[in-house]
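Work through the exercises below with the model open beside you. Try each task before you read its solution.

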Amino acid sequence: MLTYWARYARLPGGIAESVAIDVADGRIAAVTPGAAPRGEILGGLVLPGFANAHSHAFHRALRGRTHDGTGTFWTWRTGMYALAERLDPDSYHRLARAVYAEMALAGITCVGEFHYLHHRPGGRPYADPNAMGEALVQAAADAGIRIALLDTLYLSGGFGKPLEPAQERFGDGSLEGWLDRVERLDLPPHAVLGGAVHSVRAVPEEAIAAFACSTEGRPVHVHLSEQRAENDACRAEHGCTPTELLERCGLLGPDLTAVHATHLADHDIELLALSGTNVAFCPTTERDLADGIGPARALADAGVRLSLGTDSNAVVDMFEEVRAVEMHERLAREERGRFTADALLDMATGHAGLGFPDAGAIAPGARADLVALSLDTPRTAGARPDGIAYAATAADVADVVADGRHIVHEGRHRYIDAGAELRETIEELWR
């Protein structure tokens with residue numbers, strides 16, 4: 001039994017003071033507010049571990065290299081494809097372990113990795129056809145966090161179009177080819193195997209319907225209505241919105257997380273709510289790529305559960321994602337207080353859509369994921385604990401415990417020098 005003590009902790013009922021948290025076998029055994037200091041003192045404010053609902057780890061190597069100039073998502077994508085061509089299982093593992101260490105430093109204890117970088121450039125499989133996915137799973141283990149490997153089906157380069165040369169390593173040729181490869185994966189306890197449809201433009205309708213029947217019970221994700229051009233192309237091809245197409249294919253439901261959902265019609269929101277589908281916003285990426293502002297308040301009012309992801313990893317800071325949801329709403333609606341601070345933090349701690357429903361709360365029986373924030377930094381000093389969502393940044397994370405394992409101490413990762421490894425790996429990739 002280990003005991004952690006926090007000056008403040010965010011419990012299911014709100015902020016409590018002087019909280020002792022007993023941990024055994026990676027889970028919380030007891031939570032005692034009003035306790036005298038004992039065990040390991042975390043200090044500050046302790047939150048549940050953050051869940052990064054949507055990540056493309058390799059995009060991290062684009063940070064600081066693709067943000068200036070003009071263009072749209074579609075022009076940015078060209079640079080992303082150029083980077084993808086440079087990665088192999090060894091370099092992908094080195095990059096991802098540093099990226100996941102950066103996430104750990106930001107308080108993220110679980111990542112949903114939307115994984116479509118499967119094969120060699122040109123599409124020829126590696127000797128181990130899952131070498132790239134296994135590199136990601138090992139990278140998460142190295143960094144001490146959990147991973148939902150959202151292995152992605154990617155079959156076409158647009159509606160009715162073959163894969164482009166740069167996309168050939170993403171594809172398995174057919175749904176059967178994808179299933180055959182995925183069924184060979186045998187993941188360790190820190191990982192959950194999920195599936196993903198890349199988008200309605202990258203998977204034909206009949207394959208989406210068959211995929212829905214083949215992945216029941218697994219966490220499933222899909223890029224949805226990220227750009228207006230996708231909606232227009234879907235209407236031209238299928239006579240309906242992307243959301244309506246997913247409903248027709250039987251993919252909507254509680255196991256599905258729709259990523260972005262930026263450009264939704266009112267009927268789309270109704271379909272997502274009625275089916276129990278979840279939505280993951282990635283605000284820092286959506287604004288970086290000039291995608292637009294999603295209807296967060298309208299979705300929440302309809303009863304849709306919202307979560308947050310770092311997507312392109314141009315920013316790895318869940319506090320920034322949290323604030324962006326509220327601030328984007330304020331700009332779009334010219335009104336403050338669109339979400340409560342509690343609702344925003346709930347978005348950052350939603351692990352259920354990643355296949356870990358027993359995480360995300362400081363409560364007996366839950367996974368022991370704890371994020372301790374310093375309350376005396378230049379950013380947090382003077383802030384009330386219940387207002388921390390508007391004050392803190394990733395730089396204020398002092399300690400992180402994931403599944404009972406203390407992986408970040410006094411602002412430093414215990415096993416990985418994230419900055420040095422990121423610099424070395426990214427410089428090597430761009431040589």
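Five exercises follow, each with a worked solution.

This is a predicted model, in which local features need pLDDT of at least 70, side-chain atom pairs count only at pLDDT 80 or more, and totals for chains, interfaces and linings use all residues. Residues are numbered from 1 along each chain as its sequence is written, and side-chain values use heavy atoms, with hydrogens and water left out.

**Exercise 1. Overall form**

Task: Compare the radius of gyration of the protein with that of a compact globule.

Solution.
- Step 1. Take the radius of gyration over C-alpha atoms; the globule rule is 2.2 Å times the number of residues to the power 0.38.
- Step 2. For 431 residues the rule gives a value near 22 Å; the protein has 21 Å, so the two agree.
- Step 3. Add the extents: the C-alpha trace spans about 65 × 50 × 45 Å along its principal axes.
- Step 4. Count the secondary structure: 13 helices and 17 strands. These are DSSP runs, numbered from the N terminus (helices H or I, at least four residues; strands E, at least two).

**Exercise 2. Burial and contacts**

Task: Find what share of the residues is buried, and what share of the contacts joins residues at least 24 apart.

Solution.
- Step 1. Set the classes: buried is under 20% relative accessible area, exposed over 50%, partly exposed in between (1.4 Å probe, protein chains only).
- Step 2. Apply them: 61% of the 431 residues count as buried.
- Step 3. Define contact as heavy atoms within 4.5 Å.
- Step 4. Keep contacts between residues at least 6 apart in sequence; 73% of these join residues at least 24 apart.

**Exercise 3. The nonpolar cores**

Task: Locate the largest nonpolar core and the helix that gives the most to it.

Solution.
- Step 1. Build each core from buried Ala, Val, Leu, Ile, Met, Phe, Trp, Tyr and Cys residues joined through side-chain atoms within 4.5 Å.
- Step 2. The largest has 123 residues; Phe58, Leu95 and Tyr100 are among those with the most contacts inside it.
- Step 3. Helix H2 (residues 89–105) gives the most, with nine residues.
- Step 4. A second, separate core has 16 residues, including Val46, Ile362, Ala368 and Ala372.
- Step 5. Return to Leu95: beyond four places in sequence, its contacts include Ala57, Phe58, Leu422 and Leu429.
- Step 6. Set this in context: in soluble globular proteins, nonpolar side chains tend to be buried together.

**Exercise 4. Two loop residues**

Task: Is arginine 338 buried or exposed? Where is glycine 411?

Solution.
- Step 1. Arginine 338 is in the loop between helix H11 (318–333) and helix H12 (341–348).
- Step 2. Its relative accessible area is 17%, so arginine 338 is buried.
- Step 3. Not counting residues up to four places away, arginine 338 touches Arg297, Glu326, Glu329, Arg330 and Arg333.
- Step 4. Glycine 411 sits in the loop between strand S16 (405–409) and strand S17 (412–413).
- Step 5. At 38% relative accessible area, glycine 411 is partly exposed.
- Step 6. Beyond four places in sequence, glycine 411 contacts Leu105, Val397 and Ala398.
- Step 7. The C-alpha atoms of glycine 411 and aspartate 396 are 7.8 Å apart, with their positions 15 residues apart along the chain.

**Exercise 5. Positive phi**

Task: Place histidine 260 and asparagine 313, then read their phi angles.

Solution.
- Step 1. Histidine 260 lies in strand S11 (residues 256–260); its phi is near 85 degrees, a positive value in a residue other than glycine.
- Step 2. Asparagine 313 is in the loop between strand S13 (306–308) and H11; its phi is about 60 degrees, also positive although it is not a glycine.
- Step 3. Check burial: histidine 260 is buried, at 0% relative accessibility. Asparagine 313 also counts as buried, at 0%.
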